[in-house]
There are 6 protein chains.
Amino acid sequence: MITEFDTSLPSIRQVQILIKQTTPAEFKLLTGDVLTGRVLWQDPHCVCIVDENSEQTTVWKQAIAYIKPKT
Amino acid sequence: MITEFDTSLPSIRQVQILIKQTTPAEFKLLTGDVLTGRVLWQDPHCVCIVDENSEQTTVWKQAIAYIKPKT
Amino acid sequence: MITEFDTSLPSIRQVQILIKQTTPAEFKLLTGDVLTGRVLWQDPHCVCIVDENSEQTTVWKQAIAYIKPKT
Amino acid sequence: MITEFDTSLPSIRQVQILIKQTTPAEFKLLTGDVLTGRVLWQDPHCVCIVDENSEQTTVWKQAIAYIKPKT
Amino acid sequence: MITEFDTSLPSIRQVQILIKQTTPAEFKLLTGDVLTGRVLWQDPHCVCIVDENSEQTTVWKQAIAYIKPKT
Amino acid sequence: MITEFDTSLPSIRQVQILIKQTTPAEFKLLTGDVLTGRVLWQDPHCVCIVDENSEQTTVWKQAIAYIKPKT
């Protein structure tokens, strides 16, 4: 599992930027699910997103295949 | 595997809040299973949930894709 | 991988209780397999179960999605 | 990944016994494959098995769901 | 998870070379997805790629099965 | 993830022998893909193989289910 949480790493920073800019992003998971939403917070284990219906989902980082910011 | 169990982390705290508020949540697993229930306890490896029929299931955190609190 | 084996953790204790009480449990694996049996032993890597036909299977913890004690 | 290789652990010992007794075992992998053979050696990462046609396969432990000794 | 980021390792260097040479590569993921693009950056957790339509995707290294540079 | 790279381990040595002997091997991945080729190099994260058409693929060790040397 991901045990580092060095905020100077580009991958951590990128999620921090998504949080600040409230830019929606697409999360493709190892289950095949694609979740879309704004990122509310991240920690070493999870990323919490909120979708258009204001529903929150806490995504386990271990399950993320890729993130695609929507532009 | 998840070896940290820092209760100040948002992801750990969120599960603690689910336990206290007895709010049901939906657990999507890497197997594709979706389990719904109230959280009884968590530790670094597992989350134990109980469903409407009072049946307990111990979910391995390594298998969690996402958690969606039901509101 | 799971490298902790702290017997005070609820998830470790729960399996120890299954061993002592010889209660059968259902193991859902990441492969989709469901194995049912009594737990004979556990260590940090594996859980060994025995089914109704006295056949033993050593399940890798890394492959467990959830455990459901049968009551 | 499995980084411990403590030969006093039951799961490690069980594979050592399979090696000494040249007992064939069934390996179910996360891919769904089932490989059957005698175990030649193990180390922290792998288990090497040989099948009836004397073909060797090095199985990554990370990919093992369960092992079932054939009796 | 991948916690080492030793830039002298061939696998890390190979991605660095892809970045410098702006050579497109094919990324096969554990989800079955195949993503193709130039690599913009890597860190211990992720590789960020940009495709022909200038769309960026941050791929989690944990989800990579293989990389095939296009020549 | 695999963080050890002890060249005295049989699994590491076996891949080193494949490199020296330029023996082709079959790599079954967790995606279900089977890649065949000679091994060019390995490091703690990856194994780089080259196929009959001289195409190189860098396979992530995390994605390997088994290796079968072709004889």
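**Entry 1: helix H1 of chain B**

I started with the buried side of H1(B) and noted Ser11(B), Ile12(B), Gln14(B), Val15(B) and Leu18(B) as its buried residues. They cover an arc of only 160° around the axis, so I place them on the same side of H1(B). A reminder to myself: an α-helix has 3.6 residues a turn, so residues three or four places apart point the same way. On the other side of H1(B), I found Lys20(B) and Gln21(B) exposed.

Before going further, I should write down that this is a predicted model.

Next I looked up the dimensions. Helix H1 of chain B runs over residues 10-21, which is 12 residues. From first C-alpha to last, H1(B) reaches 16 Å, close to the 16 Å expected at 1.5 Å a residue.

What do the buried residues of H1(B) pack against? I found two chains involved: from chain A come strand E2 (34-42), strand E3 (46-50) and strand E4 (56-60). Chain B itself adds strand E1 (25-29), strand E2 (34-42) and strand E5 (64-69).

I also checked the backbone where the helix stops. Just after H1(B), Thr22(B) has a positive phi of about 50°.

**Entry 2: the H1 helix of chain F**

I repeated the exercise on chain F. Helix H1 there takes in residues 10-21, has 12 residues and reaches 16 Å between its end C-alpha atoms, close to the 16 Å expected at 1.5 Å a residue. The residues I noted as buried in H1(F) are Ser11(F), Ile12(F), Gln14(F), Val15(F) and Leu18(F). Seen down the axis of H1(F), these fall within an arc of 160°, so they line one face of the helix. Lys20(F) and Gln21(F) are exposed on the other side of H1(F).

Which strands help cover the buried residues of H1(F)? The cover includes strand E2 (34-42), strand E3 (46-50) and strand E4 (56-60) from chain D. It also includes strand E1 (25-29), strand E2 (34-42) and strand E5 (64-69) from chain F. At the end of this helix I looked at Thr22(F), which comes just after H1(F) and takes a positive phi of about 50°.

**Entry 3: how the copies relate**

I then turned to the symmetry. A turn of 60° with a shift of 0.0 Å along the axis lays chain F on chain D, at an RMSD of 0.0 Å. That is the relation of a six-fold axis. I looked up another pair too: chain A superposes on chain E by a rotation of 60° with 0.0 Å of shift along its axis, again with an RMSD of 0.0 Å.

Some pairs of chains do not touch. No contact joins chain B and chain D, and their closest C-alpha atoms lie 8 Å apart. Chain D and chain E have no contact either, with their closest C-alpha atoms 8 Å apart.

**Entry 4: Cys46(E)**

Is Cys46(E) buried or exposed? I have it as buried, with a relative accessible area of 0%, and it is found in strand E3 (residues 46-50) of chain E. Leaving aside neighbours within four places in sequence, I listed its contacts: Trp41(E), Thr58(E), Val59(E), Trp60(E) and Lys61(E) from chain E, plus Ser11(A) from chain A. I also looked up Pro10(E), which is 36 residues from Cys46(E) in sequence and 17 Å away in space, C-alpha to C-alpha.

**Entry 5: Ser54 in chains C and D**

Ser54(C) caught my eye, since it has a positive phi of about 60° although it is not a glycine. Its place is in the loop between strand E3 (46-50) and strand E4 (56-60) of chain C, and at 59% relative accessibility Ser54(C) counts as exposed.

I checked chain D as well. Ser54(D) has a positive phi of about 60° without being a glycine, and it sits in the loop between E3 and E4 of chain D. At 58% relative accessibility, Ser54(D) counts as exposed.

**Entry 6: record and confidence**

From UniProt, in an unreviewed entry, I copied "domain: Hfq-related" for residues 9-69 of chain A. The end C-alpha atoms of that span lie 17 Å apart, and residues 9-69 of chain A are 20% helix and 49% strand.

Last, the confidence figures. Chain A averages a pLDDT of 94, and 94% of the residues score at least 70. For the complex, I noted an ipTM of 0.94 and a pTM of 0.94 from the predictor.

Conventions. Residues numbered from 1 in each chain as written. Chains lettered and ligands numbered in written order. Predicted model: local features only at pLDDT ≥ 70, side-chain atom pairs only at ≥ 80, totals over all residues. Heavy atoms only, no water. Least-squares fit on C-alpha atoms with pLDDT ≥ 70 in both. UniProt positions renumbered as here; feature names shortened; annotations may be inferred. Helix = DSSP H or I, 4+ residues; strand = E, 2+ residues; numbered from the N terminus. Expected span 1.5 Å × (residues − 1). Buried < 20%, exposed > 50% of the residue type's maximum accessible area, 1.4 Å probe, protein only. Arc of directions from axis to C-beta. Contact = heavy atoms within 4.5 Å. pLDDT = per-residue confidence, 0-100.
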